[in-house]
Amino acid sequence: MFLLSSSASGLQAQLHALQDYCNAKKLTVNAKKTQVMIMRPGGGSGNGKLAAGESFEYAGLPLEVASSTKYLGLTFSQLSKQHGFASCADVLAKAGRQAMFAMRRRAWELGACLVEQQCMLFDVFVKPVLSYGCELWGVDVLLRPDCSSVERVHRWFCRRVQGLPKQVTAAISLAELGRQPLQSFWIQQLVRFWNRLQNSAADEDRVLGWAFKDNLELMREHPRMAH
């Protein structure tokens, strides 16, 4: 479970509510595996740590403050004005690079060395790894002026599969293969996800619609969080 709050008191209130629910349902929470992360830029004290007087506890036990945490396959760390959730993509780039090397090694063992075969295998085994959760972090990556870490993995593959030198531009290596940058795929996923959110908001019985409306209300209460 991932609890979010715009204030320290709000988060502690959520922890108390969780404790009351778990006590009523005869459930237990491992406090040693429960962490708190300050996501706002600068952290509670301006250096990524808790501010003076801030502390969090569950059932009377203090909770560890972590610099990053992993939830549903995405690694979240402290936000910054420049990168937002882009750190998720940086971690996925490492996983995608490993998947790409494993794919190419296995393809070589099986004799699947044609360029068309390599591209197909990349889209099946590597592209999903590089694009996982792009509906969340894709916006921040698209706004970056430099090439994202995940797209660099894609560009490296396009050059290597054609045996092109580093001097060849990314546009040429992609055009020769008839491929689009991964950003094009992320935009499609973002639009589809936004449409699903809009449709869910009209259905009062869908949990996704409730969460979407709550997020909009949170942004209205705290406009700075929308930037």
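## Notebook: Lys-26, helix H1 and the packing around H5

I looked up Lys-26 first. Its relative accessibility is 73%, so Lys-26 counts as exposed, the cut-off being over 50%. I am working from a predicted model, and I read every value below with that in mind.

**Entry 1. Backbone at Lys-26 and Leu-72**

I placed Lys-26 in the loop between H1 and S1. It comes just after H1. I checked its backbone and found phi near 60°, a positive value in a residue that is not glycine.

I then noted another non-glycine residue with a positive phi, Leu-72, at about 50°. Leu-72 sits in the loop between strand S5 (68-71) and strand S6 (74-77). Is Leu-72 buried or exposed? At 62% relative accessibility, I count it as exposed.

**Entry 2. Overall layout**

I listed the elements next. The protein has 8 helices and 6 strands. Read from the N terminus, their order is α-β-β-β-β-β-β-α-α-α-α-α-α-α. There are 227 residues, and 30% of them count as buried. I also looked at how far along the chain the contacts reach. Of the contacts with a separation of 6 or more, 60% are between residues 24 or more positions apart.

**Entry 3. Helix H1**

I checked the length of H1 (residues 8-24). Its 17 residues should span 24 Å at 1.5 Å a residue, and the end C-alpha atoms are 25 Å apart, which agrees.

Which residues of H1 are buried? I wrote down Leu-11, Gln-12, Leu-15, Leu-18, Gln-19 and Cys-22. These cover an arc of only 115° around the axis, so they are on the same side of H1. The spacing rule fits here: an α-helix has 3.6 residues a turn, so residues three or four places apart point the same way.

On the other side of H1, I found Ser-9, Asp-20 and Ala-24 exposed. I also asked what covers the buried residues of H1. The cover includes strand S1 (35-36) and strand S2 (57-58).

**Entry 4. Arg-40**

I moved on to the loop between S1 and S2, where Arg-40 lies. At 36% relative accessibility, Arg-40 counts as partly exposed. Leaving out residues up to four places away in sequence, I found that Arg-40 touches Glu-54, Gln-78 and Leu-79. Leu-79 is 39 residues from Arg-40 in sequence, yet their C-alpha atoms are 5.7 Å apart.

**Entry 5. H2 against H5**

I compared the axes of helix H2 (residues 86-110) and H5. They come within 7 Å and cross at roughly 25°. Angles under 35 degrees count as roughly parallel, so I entered H2 as roughly parallel to H5. From H2, the contact involves Ala-89, Asp-90, Leu-92, Ala-93, Gly-96, Arg-97, Met-100, Phe-101, Met-103 and Arg-104. From H5, it involves Ser-149, Val-150, Val-153, Trp-156, Phe-157, Arg-160 and Val-161. I sorted the residues of this contact by class and got 11 nonpolar, 2 polar and 4 charged.

**Entry 6. H5 against H7**

I then took helix H5 (residues 149-162) with helix H7 (residues 182-201). Their axes are 10 Å apart and the packing angle is about 130°. H5 and H7 are therefore oblique to each other. On the H5 side, Val-150, Glu-151 and His-154 make the contact; on the H7 side, Leu-182, Gln-183 and Trp-186 do. By class, I have 3 nonpolar, 2 polar and 1 charged residues here.

**Entry 7. Val-150 and Ser-148**

Val-150 appears in the H5 contact with H2 and in the H5 contact with H7, so I looked it up separately. Its relative accessibility is 0%, and Val-150 therefore counts as buried. Setting aside neighbours within four places in sequence, Val-150 is in contact with Ala-89, Leu-92, Ala-93, Leu-130, Trp-137, Leu-182 and Trp-186. I also noted Ser-131, which is 19 residues from Val-150 along the chain, with 8.0 Å between the C-alpha atoms.

Last, I checked Ser-148, in the loop between helix H4 (134-142) and H5. At 1% relative accessibility, Ser-148 counts as buried. Its contacts, again without neighbours within four places in sequence, are Val-141, Gln-183 and Trp-186.

Technical notes
Residues numbered from 1 in each chain as written. Predicted model: local features only at pLDDT ≥ 70, side-chain atom pairs only at ≥ 80, totals over all residues. Heavy atoms only, no water. Axes fitted to C-alpha atoms, helices over the stretch in contact; angles between N-to-C directions. Helix = DSSP H or I, 4+ residues; strand = E, 2+ residues; numbered from the N terminus. Parallel < 35°, antiparallel > 145°, perpendicular 65-115°, else oblique. Contact = heavy atoms within 4.5 Å. Nonpolar A, V, L, I, M, F, W, Y, C, P; charged D, E, K, R; others polar. Expected span 1.5 Å × (residues − 1). Buried < 20%, exposed > 50% of the residue type's maximum accessible area, 1.4 Å probe, protein only. Arc of directions from axis to C-beta.
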